[in-house]
Amino acid sequence: RLHLARQLGALGALCAPPQAQESLLPLALRLLRDPTAAVRQAAAMQVGRLLSGLRAGDAGLLGLFAQEFVALATSAVYYERQLYVTICAHAVAHMRTEDFLLLLVPALLELGEDAVSNVRLSLARALASPPLAADPTLAALPGVRACLLRLRGDVAADVR
């Protein structure tokens with residue numbers, strides 16, 4: 001499963017959009033919910049490559065896939081919300097900026113008010129580290145700046 005999770009991005013580049021929708025989306029979602037943390041992390045790191053490969057083939061399918069991954073940001077399970085932060089931290093390097101900002105960033109910024117401090121900590125680390133911190137378009141967004149200010153004043157000392 002770990003090896004398969006590490007190959008998700010490459011598989012996305014090989015599949016036509018209908019095959020990706022039929023097989024890769026369910027596979028990616030299953031790997032993102034795997035009982036083994038290493039498999040979940042490896043899959044999360046490949047989602048951006050998977051989405052960028054779909055962009056070339058079908059923009060509508062890209063939106064459909066992105067919706068499925070964005071659902072992790074509102075999951076009742078805290079580690080799935082943390083996983084969404086990981087997805088975004090790695091996706092920014094692979095996706096077109098416009099697609100990333102439109103499809104993934106709004107849900108990412110909402111995690112700045114998450115009830116679980118570990119989720120907020122993951123978000124703070126991701127926003128303050130490359131590649132997210134290195135993206136000038138993302139750093140210039142008022143929502144990102146407001147989220148960072150909120151995280152700097154967080155109740156949990158680890159998050160600050």
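Buried means under 20% relative accessible area. The legends below apply that cut-off to a predicted model.

**Figure 1. Threonine 86 in helix α6.** Threonine 86 is found in helix α6. Its relative accessibility is 15%, so threonine 86 counts as buried. With neighbours up to four places away in sequence set aside, threonine 86 is in contact with Gln41, Ala44 and Met45. Thr86 is also among the residues closest to the centre of the largest pocket. Gln41 is another of these.

**Figure 2. The largest pocket and its lining.** The largest pocket holds about 300 Å³ of space. Its lining counts 17 residues. Closest to the pocket centre are Gln41, Gln82, Val85, Thr86 and Ser122. At least two lining residues come from each of α4, α6 and α9. Helix α6 gives the largest share, seven residues. Sorted by class, the lining has nine nonpolar residues, six polar and two charged.

**Figure 3. The largest nonpolar core.** This core has 54 residues. Which of them touch the most other members? Phe69 and Phe100 do. Seven elements each supply at least two core residues: α3 (17-32), α4 (37-57), α5 (59-70), α6 (78-91), α8 (105-110), α9 (117-128) and α11 (142-152). The largest share, eight residues, comes from α4.

**Figure 4. Surroundings of phenylalanine 69.** Neighbours within four places in sequence are left aside here. Phenylalanine 69 then has contacts with Leu25, Ala28, Leu29 and Leu32. Val47, Leu50 and Leu51 are in contact with phenylalanine 69 as well. Tyr84 completes the list.

**Figure 5. Arginine 33 and glutamate 80.** Side chains of opposite charge can pair when their charged atoms come close. The count for this model comes to seven salt bridges. One of them joins arginine 33 to glutamate 80, with the closest N and O atoms 3.2 Å apart. Arginine 33 sits in the loop between α3 and α4 and glutamate 80 in helix α6, so the pair ties together parts 47 residues apart in sequence. How accessible is each partner, arginine 33 and glutamate 80? Arginine 33 has 40% relative accessibility and counts as partly exposed. Glutamate 80 has 7% and counts as buried.

**Figure 6. Aspartate 114 and arginine 81.** These two residues form a salt bridge, and their closest N and O atoms are 2.6 Å apart. The pair links distant parts of the chain, 33 residues apart. Aspartate 114 belongs to the loop between α8 and α9, and arginine 81 to helix α6. Buried or exposed: which describes aspartate 114 and arginine 81? Aspartate 114 is buried, and arginine 81 is buried too.

**Figure 7. Glutamate 113 and arginine 150.** In this salt bridge the closest N and O atoms are 3.5 Å apart. Glutamate 113 is in the loop between α8 and α9, while arginine 150 is in helix α11, so the contact ties together parts 37 residues apart in sequence. Glutamate 113 counts as exposed, at 60% relative accessibility. Arginine 150 counts as partly exposed, at 35%. Elsewhere, Arg96, Glu98 and Asp99 are joined into one network by salt bridges that share partners.

**Figure 8. Histidine 94 beside glycine 48.** Histidine 94 has its place in the loop between α6 and α7 (97-103). Its relative accessible area is 35%, so histidine 94 is partly exposed. Along the chain, histidine 94 and glycine 48 are 46 residues apart. What separates their C-alpha atoms in space? The distance is 5.5 Å. Not counting residues up to four places away in sequence, histidine 94 touches Gly48, Arg49 and Ser52.

**Figure 9. The peptide bond between prolines 130 and 131.** Most residues other than glycine have a negative phi, and most peptide bonds are trans. The bond from proline 130 to proline 131 is cis, with omega near 5°. Proline 131 lies in the loop between α9 and α10 (136-140).

**Figure 10. Proline 26 in helix α3.** Proline 26 lies in helix α3. At 42% relative accessibility, proline 26 counts as partly exposed. Proline 26 and leucine 132 are 106 residues apart along the chain, and 27 Å separates their C-alpha atoms.

Methods: Residues numbered from 1 in each chain as written. Predicted model: local features only at pLDDT ≥ 70, side-chain atom pairs only at ≥ 80, totals over all residues. Heavy atoms only, no water. Core = buried A, V, L, I, M, F, W, Y, C linked by side-chain atoms within 4.5 Å. Buried < 20%, exposed > 50% of the residue type's maximum accessible area, 1.4 Å probe, protein only. Helix = DSSP H or I, 4+ residues; strand = E, 2+ residues; numbered from the N terminus. Contact = heavy atoms within 4.5 Å. 1 Å grid on protein atoms, 1.4 Å probe; cavity = no way out; pocket = protein on both sides within 12 Å on 5 of 7 lines; lining within 4 Å. Points joined across faces, edges and corners; volume = space filled by probe spheres on them. Nonpolar A, V, L, I, M, F, W, Y, C, P; charged D, E, K, R; others polar. Salt bridge = Lys/Arg side-chain N within 4 Å of Asp/Glu carboxyl O.
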